[in-house]
Amino acid sequence: MAVVDPPRLVPARMRVRDIVRVGGVGLRTRPTRAFLSALGIAIGIAAMIAVVGISASSQAQLDRQLAALGTNLLTVTPGQTMFGEDAKLPPESEAMIGRIGPVTSVSAVGRVKGEKIYRTDKIPVVNTGGLATYAARVDLPATIGATVRNGTWLNGATARYPAVVLGATAAERLGIGRADPDRQILIGDVWFTVVGILDPVALAPELDSGALIGWEAAESYLGFDGYATVVFTRSDEDQVENVRNVLAATANPQAANEVDVSRPSDALSAKRAAGAAFTGLLLGLGGVALLVGGVGVANTMVISVLERRAEIGLRRSLGATRGQVRTQFLTESLLLSAMGGVGGVLLGAAVTIGYSTFQDWPFSVPFWSVSGGLGATLFIGGLAGLYPAIRASRLSPTEALTTP
Amino acid sequence: MIKLSEATKVYAGGVHALSGVSLTIESGELVAIVGPSGSGKSTMLNVLGTLDRPTSGTVSIDGYDIARLSDRELSALRASRIGFVFQQFHLAAGMSALDNVADGLLYGGVPLAERRRRAEVALQRVGLGHRTHHKPHELSGGERQRVAIARAVMGDPPLLLADEPTGNLDTASGAGVMALLRELHAAGTTIVIITHDRELADGLPRQVRMRDGRVVGDSAHTPVPLADTAVT
Ligand SMILES: Nc1ncnc2c1ncn2[C@@H]1O[C@H](COP(=O)(O)OP(=O)(O)OP(=O)(O)O)[C@@H](O)[C@H]1O
Ligand SMILES: [Mg+2]
């Protein structure tokens, strides 16, 4: 045939604005259904964001606590001898530790054994078991970060006289709310005047149930043997590990193996790790909720395609290619889940704000969880829309048009 | 404009909806296709409109042999050359008449503002300039069909295919729609109308009669039924 071929036919590209408009048709015409299936996604995302947000906020709280307390406190305690007996720290160990270069401060307490604590000399009305008496160095609060809630701490003078500062728990057990020159308690058979009460000590919680008296007073009134049972030391932050390595040998050069060294802030850090494991579990549950939401979107899309066959036929007659029909339904699915995703992020953030405000924690929703959540949403939306979109695009135009 | 030769369409189950149809429609014609129910009129219109491919035979539209075109190319052909009007209107519920009409060039690569402008003109052309912001459910049947026609012609396609455009309308609205189609024809559009209405068909310049998937009468030229039967 001598016919000149007509120009090649090329479908026009749709503008992004038109793609979004057309993809939103189904959502605009059936808002309730769109809302409900977006809600499914939103609940999943909200659960995940809230889990991550609350755990991040609680960690931020721990971090804040750790920053305030410092992670450079090390404690030295006597362990056991080779024969299984309780070891003792040599009397010069405090001074030796103080001579380690990066060590900035040293203090100590010594447990005074066998002396019971009573509020009165009459019948012991309160159970004071579990309370312990400690001889404390005057510089103790500065080293361990203890603060006085009421009254004063021991000084050079009161440390030599029968004066006592109570830990927070001990004060509560003894029913003593305030320090008072007239308020005395009985330790062993000596009356001690309560001069101060401490706030809880985060890095040395054993002192909370202690009655702290001066070193000299302990020796002169209660027959204290003068051996420190815990030596506290602060070092330069970046040298803590080095100090830790030499601490045992410095404290007891003859028997370094009879010395235990620990870092109290490690206990707080361990709380972090435990929290992380639990968060992982909850996050998994949130993920399941998100998947269920995705199945909801897929279901909505399948129904949408079934109901809108005539519309699909019409669009094909107007010149839509299969790809454009596919894009339309994929866009609808993505819009649907994106709506759910954004709603879920806001909801999850709101829950986190509410909970951390209630707990008096700093508020934190990590950026990775928000972007990850939205990413997961779009992935789920794409997956949920893929099959319905392909089905829509495979419809023959004539069959689609003849459905009533 | 349109050239069908020996086109057949066999549906699954062995229904011969078209059995060897040859038909030529020149540019600028106004043709009525008539015939009893089930005679293959809609099937033929779908083939003319490239919504369906014939089982055998050749179809050429505006110089394109549709057997040689991919699905994408056929879509582009429909977007640029063919307007459809259906008995059921197929308007999008919840969208204004203007936006329904504006969708006529959605797949033609025309920006929204320009589509709306042209939709406005098209609605004025079909006498609905005062109804642009009405939704389909706020329009009468005749008005809906005129919106559908406006959508079909807003891109000025050279070919307009209408499958029983007056089938759902009363006589008066039907006459209005027909008058509109005649106007479009007068302005140069090639129009093929399927109708059951004998009287309506007789008023058009050319009638093609179908029966059992064959063309049994064509006012433009005399068919040769004997030759047709001899081929089988
Ligand atoms: N998708 C299909 N699958 C199987 N058979 C079909 C299909 N579509 C149409 N047919 C059959 O093909 C024949 C022609 O159908 P068509 O719709 O073209 O008739 P028509 O002339 O348009 O009839 P009407 O005037 O009732 O609309 C009929 O027998 C019909 O049953
Ligand atoms: Mg029909």
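1. A good place to start is a hairpin in chain B: β4(B) and β5(B) are its strands, two residues lie between them, and Asp62(B) has a positive phi near 50°. Please keep in mind as you look around that this model is predicted.

2. The two strands of that hairpin pair in the antiparallel sense, with two bridges between β4(B), residues 56-61, and β5(B), residues 64-65. To find the pairing on screen, look for Ile61(B), which stands opposite Tyr64(B) of β5(B).

3. Strand β4(B) also pairs with β1 of chain B, residues 2-11; these two run antiparallel and are joined by five bridges. Here Lys3(B) has Ser60(B) of β4(B) as its bridge partner.

4. Now for the ligand. Which residues come nearest to ligand 1? Out of 13 residues around the ligand, they are Ser37(B), Gly38(B), Lys41(B), Ser42(B) and Thr43(B).

5. Several contacts are worth displaying, each to an oxygen atom of ligand 1. A backbone N or O atom of Gly40(B) lies 3.0 Å away from such an oxygen, and for Ser39(B) a backbone N or O atom lies at 3.2 Å. From His196(B), a polar side-chain atom lies 3.4 Å from an oxygen atom of the ligand.

6. On its own, ligand 1 has 630 Å² of accessible area, and the protein covers 61% of this. Two elements of chain B, β2 (15-25) and α1 (41-48), each give two or more residues to the shell, with α1(B) giving the most, three residues. By class, the shell holds seven polar, four nonpolar and two charged residues.

Key:
Residues are numbered from 1 along each chain as its sequence is written. Chains are lettered from A and ligands numbered from 1 in the order in which they are written. This is a predicted model: local features need pLDDT of at least 70, side-chain atom pairs count only at pLDDT 80 or more; totals for chains, interfaces and linings use all residues. Side-chain values use heavy atoms; hydrogens and water are left out. Two strands pair if DSSP finds at least two bridges between them. Helices (H or I, at least four residues) and strands (E, at least two) are DSSP runs, numbered from the N terminus. A residue is near a molecule or strand if one of its heavy atoms lies within 4 Å of it. A polar contact is a pair of N or O atoms within 3.5 Å; within protein, one must be able to donate a hydrogen and the other to accept it, and residues adjacent in sequence count only if both atoms are side-chain atoms. Accessible areas come from the Shrake-Rupley method with a 1.4 Å probe; for residues, only the protein chains shown count as cover. Ala, Val, Leu, Ile, Met, Phe, Trp, Tyr, Cys and Pro count as nonpolar, Asp, Glu, Lys and Arg as charged, and the others, Gly among them, as polar.
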